[in-house]
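User: I am new to this structure and would like a close look at one part of it, the enclosed empty space inside the protein. Please describe that part and then place it in the wider picture.

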Amino acid sequence: MSSGEDRLYSALEAALKPAWALYRNVAWLAKRPGAEPADGEADVVLAHPDLGVMVIEVKGGRVQRIGGRWESIDRNGVANTIKDPFAQAANNMHRLKRVCGDLPAWPARDVRFARAIAFPDAAYDRGMTPDGPRETVIDHDDLDRIGERIGQVFDWWSASGDASAGGGAPGAIGMEALHELLAKDFVIDSPLSAEVEAAERQIRLSEQQFVTLDMLSSQRRALILGVAGSGKTLLAAEKARRLSRQGFEVLLTCFNRPLAEHLASTIGRREQGITVSTFHGLAEQFGMEAGLIGSNPVRDSAYFDSLPDMLDRALHALTAHRYDAIVVDEGQDLDSVWWLPLLDLLRDREDGIVYVFGDANQDLYHAREPDELGVVMPESPPIYHLTENRRTTRTIHDFAMRFGARDPDLPPATAVGPEGRPVEIRTYADGDPDACRRALGKLLREIIDAGGVPALDVVVLTPRSRNSSWLMDASGAPVDAWPYRLMPEYGPQGAVLPMPSRGNEVRVATVHRYKGLESPVVVLAEIDGRVDEADLAPLLYVGATRARSHLVVFASEALADRLG
């Protein structure tokens, strides 16, 4: 932003007192598709509950008009061609008025909208353009009385007969709806407490997260790639919430069923206009509605492999329900063949909104990376990188990053939390399931009994499936790690089970199932010779980054030396 723009904003901030609202460098997406561009942006938007809304187009430097061409002269005397500021202000004001009118919470009455042009570094000469009234211009001579000038601009437009300025006051309801559309909120609710705290935590956005969330307001499609703990799921949920409050119908989807169920129970339950589902759940729902799937299908591997084609066929039969926007979390897990039918769920396939959040380090399924999804994204999509881990302690972050890929073109990932306790490496005899369970029981006594950590704050994660793990039973029954009982996180049909209710019960889940979730204490178990060498690094990265405060890696003696 130029120094002139800074001076204008500072003058406005000093002059306008409550109940004025002031928004700087804002952008928005319109719900209506069509040939006419409906998205917009504005340098400054002002609003007052009794006066209305004003859009201000700012042009810094010395401004001149040569023939029909507008130019701005910078401090080095270089002329730069700029757009007609009067046309820009008018276009963006009308676009903002239309978008506000589509907001479900916007007042039913017509609201007054006005516009102004600001030349904070120059004096305005009426001779620049015959269709640019001086009454709508704020130049450098007006900065000392800018509060008065804003009132005069509103008065002039109200008396001009302009249709947009003929409405009434936005009132408190309109001010709240406008704030929801444009505001740069720094605090959002966490949808992922993993049910280990009595109340949902509040997460304060970092500047990096905030900038990313704000930039998405002007992009219809974008990739957001970040390290574990960087807030991708929080941002995905918050972006879905903001879109729904603008009147968009939003699909928030991911691969992982526990993550989808947590999102559905929080953001999905509280916000109208958001559908939360896994890709498989979505395909199954549409397949049943189209009569392609029975009420009780056999959910084996062949069934799941058939679901992308099933969704494609179902969408040809069901033309009614579509979405304005799709937000994908953990996008690295979605197989390449899923994206085409997913894109068909958009009302506007070409210009519908698609945001994909992902982390290539967490690709446990060897799916194609999000930045290769040319069928979904433009040829050169905007890519935003989140490099700050705000979930884990620094010791957990440093351990996990030993197993994560490093992109030399990006700044290194950093942890901004406390230093934390050292990561512990505990061992057991490889190939002996009884010894593994006995050692795990002893470890849990140290954490829960001696350490005073509530059992609900501990989760045991394993890379093994329920059919091959020493810590889970194929039938879904609890497994003893005396004096504790390991309670499976999911039932035989894959549904998430209720939280353990007794003091000697500890949750156990697979690393794959727990992706996207978190817990204060994680025991990453069964790290032994049964893990394929190619899978070891991503499993350690994902499993370790589920822990917020303390991590214990429970490994065979052979692998412990490599880890510690």
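Analyst: The surface comes first: the protein exposes about 23800 Å², and carbon and sulfur atoms supply 49% of that area. The model is a predicted one. Its C-alpha trace spans about 90 × 55 × 40 Å along the principal axes. The protein has 564 residues, of which 55% count as buried. Its secondary structure comes to 14 helices and 25 strands.

Now the empty space. Rolling a probe the size of a water molecule over the atoms shows where empty space is left. In this structure there are three cavities of 30 Å³ or more. The largest cavity has a volume of about 90 Å³.

The lining of the largest cavity is made up of Val26, Ala27, Glu180, Leu181, Leu182, Ala183, Asp214, Ser217, Lys239, Arg242 and Gln246. Sorted by class, this lining holds five nonpolar, two polar and four charged residues. Val26, Ala27, Leu181, Leu182 and Ala183 are the nonpolar ones. The charged ones are Glu180, Asp214, Lys239 and Arg242, while Ser217 and Gln246 are polar.

Three elements, β1 (21-28), α4 (171-182) and α6 (232-245), each supply at least two residues of the lining of the largest cavity. Of the elements, α4 gives the most, with three residues.

For the wider picture, consider how the chain is packed. Among contacts in the protein with a separation of 6 or more, 71% are between residues 24 or more positions apart. The largest nonpolar core has 56 residues, and those with the most contacts inside it are Leu252, Val327, Tyr355, Ile527 and Leu551. Helix α13 (residues 533-544) gives the most to this core, with six residues. A second, separate core has 26 residues, including Leu251, Leu315, Leu334 and Val356.

Ile527 can serve as an example from the largest core. Leaving aside neighbours within four places in sequence, Ile527 is in contact with Tyr428, Pro463, Leu536, Leu540, Val553, Phe554, Ala555, Ser556, Leu559 and Leu563. Leu536 and Leu540 in that list lie within the residue range of helix α13.

A last residue is Leu340, placed in helix α10 (residues 339-343). Leu340 has a relative accessible area of 42%, so it is partly exposed, a class that lies between under 20% for buried and over 50% for exposed. Its C-alpha atom is separated by 35 Å from that of Thr414, and the two residues are 74 residues apart along the chain.

Conventions:
Residues are numbered from 1 along each chain as its sequence is written. This is a predicted model: local features need pLDDT of at least 70, side-chain atom pairs count only at pLDDT 80 or more; totals for chains, interfaces and linings use all residues. Side-chain values use heavy atoms; hydrogens and water are left out. On a 1 Å grid over the protein atoms alone, a cavity is a set of points where a 1.4 Å probe fits but cannot get out, and a pocket is an open set with protein on both sides within 12 Å along at least five of seven lines; lining residues have an atom within 4 Å of a point. Grid points are joined across faces, edges and corners, and a volume is the space filled by probe spheres set on the points. Helices (H or I, at least four residues) and strands (E, at least two) are DSSP runs, numbered from the N terminus. Buried means under 20% relative accessible area, exposed over 50%, partly exposed in between (1.4 Å probe, protein chains only). Contact means heavy atoms within 4.5 Å. Accessible areas come from the Shrake-Rupley method with a 1.4 Å probe; for residues, only the protein chains shown count as cover. A nonpolar core is a set of buried Ala, Val, Leu, Ile, Met, Phe, Trp, Tyr and Cys residues joined through side-chain atoms within 4.5 Å.
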